[in-house]
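Please look through the sequence and the model below, moving from the surface to the interior.

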Amino acid sequence: PYSWRVDPYYEDMLKDATIMIFDEGGNLEYSRQLDRSHITGNRAEVKVSLIRNKRYSFYVCGNFGYHVKALHEDELKNLKWHMAYPDEYREGMAMSGKLEDILIDSHAPKIQIPMQRLMAKISIRIDRSRLDDNVSIDVTSVKICNCPKSSYVFSAGKAESHDDCFSIGFIREENECRVLNMNAEGGKSHTISLYMLENMQGRWADTDIGEDSDKVFDRNDSRQ
């Protein structure tokens, strides 16, 4: 049966990961690529021997498909993730996570590194509540244009030219858009989501808006 929830299950999919651990001087202490044998659900786990009462920094790259290599922590500032095609994230979205300057002692035998997707989530729904009875809107496809082809993993960046972007990004068509033509409540449809690599193009000036979360209108805001 068709389900109206079409937000992809691959939002939290983890198929591979590279963990890198650097010492206090920023030198690589440990590096390993983790495959499915180390992954349960959306969590990866590995045992590492480190020196107690020393400080380390931990970096993880997820769903890159290869062993990310860096001999020094500073090299990660220029690390970029490149997409071959706009919907490459169907096989798992690129993710990253880091914990810096962590003291290893007997009270913290397990280090947990939260992961964050490199993709911005753009949710769409249609509000038909103000349309006249004889007016209808039928959505057959939605798409995002000018999607970045790459993104820095551990530092801010932006697309510098048109060559840095896909002219047409990921497209949802036909059945994937069906829920936008189904009434959920108050004349508003169900929601579907599109994704694109993050960059600085989407950031507002501080004088215009405070936090990124403020870009999302409240459910009852008339501007939705």
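Which residues make a nonpolar surface patch of about 210 Å²? The patch is made by L131, V135 and I137, where a patch takes residues with over 30% relative accessible area and no salt bridge, nonpolar side chains being joined within 5 Å. This is a predicted model, in which local features need pLDDT of at least 70 and side-chain atom pairs count only at pLDDT 80 or more, while totals for chains, interfaces and linings use all residues. Residues are numbered from 1 along each chain as its sequence is written, and side-chain values use heavy atoms, with hydrogens and water left out.

Within this patch, I137 lies in the loop between β9 (119-124) and β10 (141-148), and I137 is partly exposed, with a relative accessible area of 41% (buried means under 20%, exposed over 50%, and partly exposed in between, with a 1.4 Å probe and protein chains only).

From β9 the reader can pass to β15, since six bridges join these two antiparallel strands (strands are DSSP runs of E with at least two residues, and two of them pair if DSSP finds at least two bridges between them). In this pairing, A120 stands opposite M196 of β15. Strand β15 (residues 192-197) is largely enclosed by the rest of the structure because six of its six residues are buried: I192, L194 and M196 cover one side, and S193, Y195 and L197 the other.

The structure also holds three cavities of 30 Å³ or more, a cavity being a set of points on a 1 Å grid where a 1.4 Å probe fits but cannot get out. The largest cavity has a volume of about 70 Å³, and of the ten residues that line it, the closest to its centre are S150, S151, G157, K158 and A159.

Note on methods
Patches are made of residues with over 30% relative accessible area and no salt bridge: like charges are joined within 9 Å, nonpolar side chains (Val, Leu, Ile, Met, Phe, Trp, Tyr) within 5 Å. Accessible areas come from the Shrake-Rupley method with a 1.4 Å probe; for residues, only the protein chains shown count as cover. A salt bridge is a side-chain nitrogen of Lys or Arg within 4 Å of a carboxyl oxygen of Asp or Glu. Helices (H or I, at least four residues) and strands (E, at least two) are DSSP runs, numbered from the N terminus. On a 1 Å grid over the protein atoms alone, a cavity is a set of points where a 1.4 Å probe fits but cannot get out, and a pocket is an open set with protein on both sides within 12 Å along at least five of seven lines; lining residues have an atom within 4 Å of a point. Grid points are joined across faces, edges and corners, and a volume is the space filled by probe spheres set on the points.
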